[in-house]
Amino acid sequence: MNNIVALEAERMIDARGGPPVEPAVVVVEGERITAAGSPAQIKVPEGAKRIALGARTLLPGLIDAHVHLKGWRSANPNDILITPHPLAALRAAADCRRLLHAGFTTVRDCGGCLGPHLRDAIAAREIPGPRILTAYRGLSQTGRVETVTWAADIRPLRQEVDGVDDCRRVVREQIGLGADLIKVSITGRVYAPQSDPGQTAYTLEEIRAVVDEAHRMGRRVAAHAQATQGIKNGILAGVDSIEHGIYLDQEACDLMRERNTALVPTLAYFHRIATLGESHGSPAYAVRKAREVVEAHMNSFALALRMKLRIGMGTDFEGSPLFPHGENGMELELMVQGGMLAGDVIVAATATNAAIFGIEKKVGTIATGKIADLIAVPGNPLKEISLLRRVEFVMQGGRVACSRIPDVAEIS
Ligand SMILES: [Zn+2]
């Protein structure tokens, strides 16, 4: 018989859009949730092991829609060249543990060369970490990538590719090498010396080829898109999510609503480069460009909220002290500061992200039949969103992955 566990807490936010349930019980059998709701309505099976979470709030495990698992420890991209590859891989493994212990039970790796390997090691329970969906190496137009890829033969983080036919070929190649999704950079960027966030990169035809090939193979497409026209090209070509979306305008929002394209804003990324980049050794061009875009980005976020776009939550963190894995919850605080209601931010970081990935039947809410990825935080995060950075209990697939509650650690 499956191991049955009953989690009891003062409050549950199930991320299905309704009010919190107070108090609440969630019954977990094996790796799945078999019941969730008010204790008055739920019959806890005989012999179930009880986990009393006290004055805490139960939520679905958090999901970050945009991370990089590169094991970076410096804000200067050139430093990766003097980092031995096995060391970077070990650091990325440590980042996976940090993410899980911070309550992130699923992440989407939007480009790097370690994603499929970390995903497989975690799925086989060889190392602790979140469920990973990986883009493996993202596609980028030639000449648009970081300085480090001047040494492209050493460790390509992105796949430079141009032209309709070659774009198709590389999408096939990435999928063959284990990519769960395709990441494509369709505009310029902040963190590269050779391009600007206001510039388009791939042509509409190239993006269409990428999307067509990816969708035909059952993979979703996440597009790094910052420039207004580039964003529109992406939406028209059918990408599934616009990552960053710095320069949205009314027409872009109308198109996104029409086509149900999701936005993953990554507010913390630019905010941290602009405010802390200098002291962390970010290249001067990145600091300058981040400062130039921060205000426009926040305005675009406000416009997206007014337009009721489908908004997910992603950080673009990659592990350096400037973008530290484990502190990804700071994005939630910025989203609230940007005008989003705390309850909507929680839905963005759980249910909406799961839907953006196409795994909403498995994870993202607390509901019967879902995989038991659950977290608990002290107090009420609807009143204080920063509590989501104080995760005290993490259950992953029905197993207690981390507990900072003394009695519960013993029970598990
Ligand atoms: Zn990124």
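## Strand S13 and its surroundings

How many of the six residues of strand S13 (residues 220-225) are buried? In this predicted model, six of the six residues are buried, and S13 is accordingly described as mostly covered. Arg220, Ala222 and His224 point one way from the strand, whereas Val221, Ala223 and Ala225 point the other way, and the residues of both sets are buried.

## Pairing on either side of His224

Strand S13 pairs with strand S12 (residues 181-185), to which it runs parallel and is joined by five bridges. Within this pairing, serine 185 stands opposite histidine 224 of S13. The connection between these strands involves helix H4 (residues 204-216), and S12, H4 and S13 make a β-α-β unit that is right-handed.

Strand S14 (residues 241-244) also pairs with S13 in the parallel sense, here over four bridges, and in this pairing histidine 224 stands opposite glutamate 243 of S14. From S13 the chain crosses through helix H5 (residues 228-237) to reach S14, and this β-α-β crossover is right-handed. Histidine 224 therefore has a place in both pairings, being opposite serine 185 and opposite glutamate 243, if bridges are counted as the DSSP assignment of strand pairs requires.

## The nonpolar core

The largest nonpolar core has 131 residues, and those that touch the most other members are Leu7, Val26, Leu58, Ile182, Val210 and Val221. Helix H10 (residues 342-357) gives the largest share of this core, with 10 residues. Domain 1 (4-61 + 364-411) and domain 2 (62-357) each contribute at least three residues to the core.

Valine 210, one of the residues that touch the most other core members, is in contact with Leu139, Cys167, Val171, Ile182, Val184 and Val221, when residues up to four places away in sequence are not counted. Val221, one of these contacts, is also one of the buried residues of S13, on the side that it shares with Ala223 and Ala225.

## Two domains and their contact

The protein chain is divided into domain 1, which comprises residues 4-61 + 364-411, and domain 2, which comprises residues 62-357. The centres of the two domains, taken over C-alpha atoms, are separated by 30 Å, and the contact between them takes 22 residues from domain 1 and 25 residues from domain 2.

On the side of domain 1 that touches domain 2, strand S6 (56-60), strand S18 (393-396) and strand S19 (399-403) each supply at least two residues. By class, this side of domain 1 has 13 nonpolar, six polar and three charged residues.

How values were computed:
Residues are numbered from 1 along each chain as its sequence is written. This is a predicted model: local features need pLDDT of at least 70, side-chain atom pairs count only at pLDDT 80 or more; totals for chains, interfaces and linings use all residues. A residue is buried if 20 or more other C-beta atoms lie within 10 Å of its own, exposed if 12 or fewer, and partly exposed in between; C-beta atoms are placed from the backbone. Two strands pair if DSSP finds at least two bridges between them. A crossover is right-handed if, with the strands pointing away from the viewer, the path from the first strand over the helix to the second runs clockwise. A nonpolar core is a set of buried Ala, Val, Leu, Ile, Met, Phe, Trp, Tyr and Cys residues joined through C-beta atoms within 7 Å. Domain bounds come from an automatic or database domain assignment. Two residues are in contact if their C-beta atoms, placed from the backbone, lie within 7 Å. Ala, Val, Leu, Ile, Met, Phe, Trp, Tyr, Cys and Pro count as nonpolar, Asp, Glu, Lys and Arg as charged, and the others, Gly among them, as polar.
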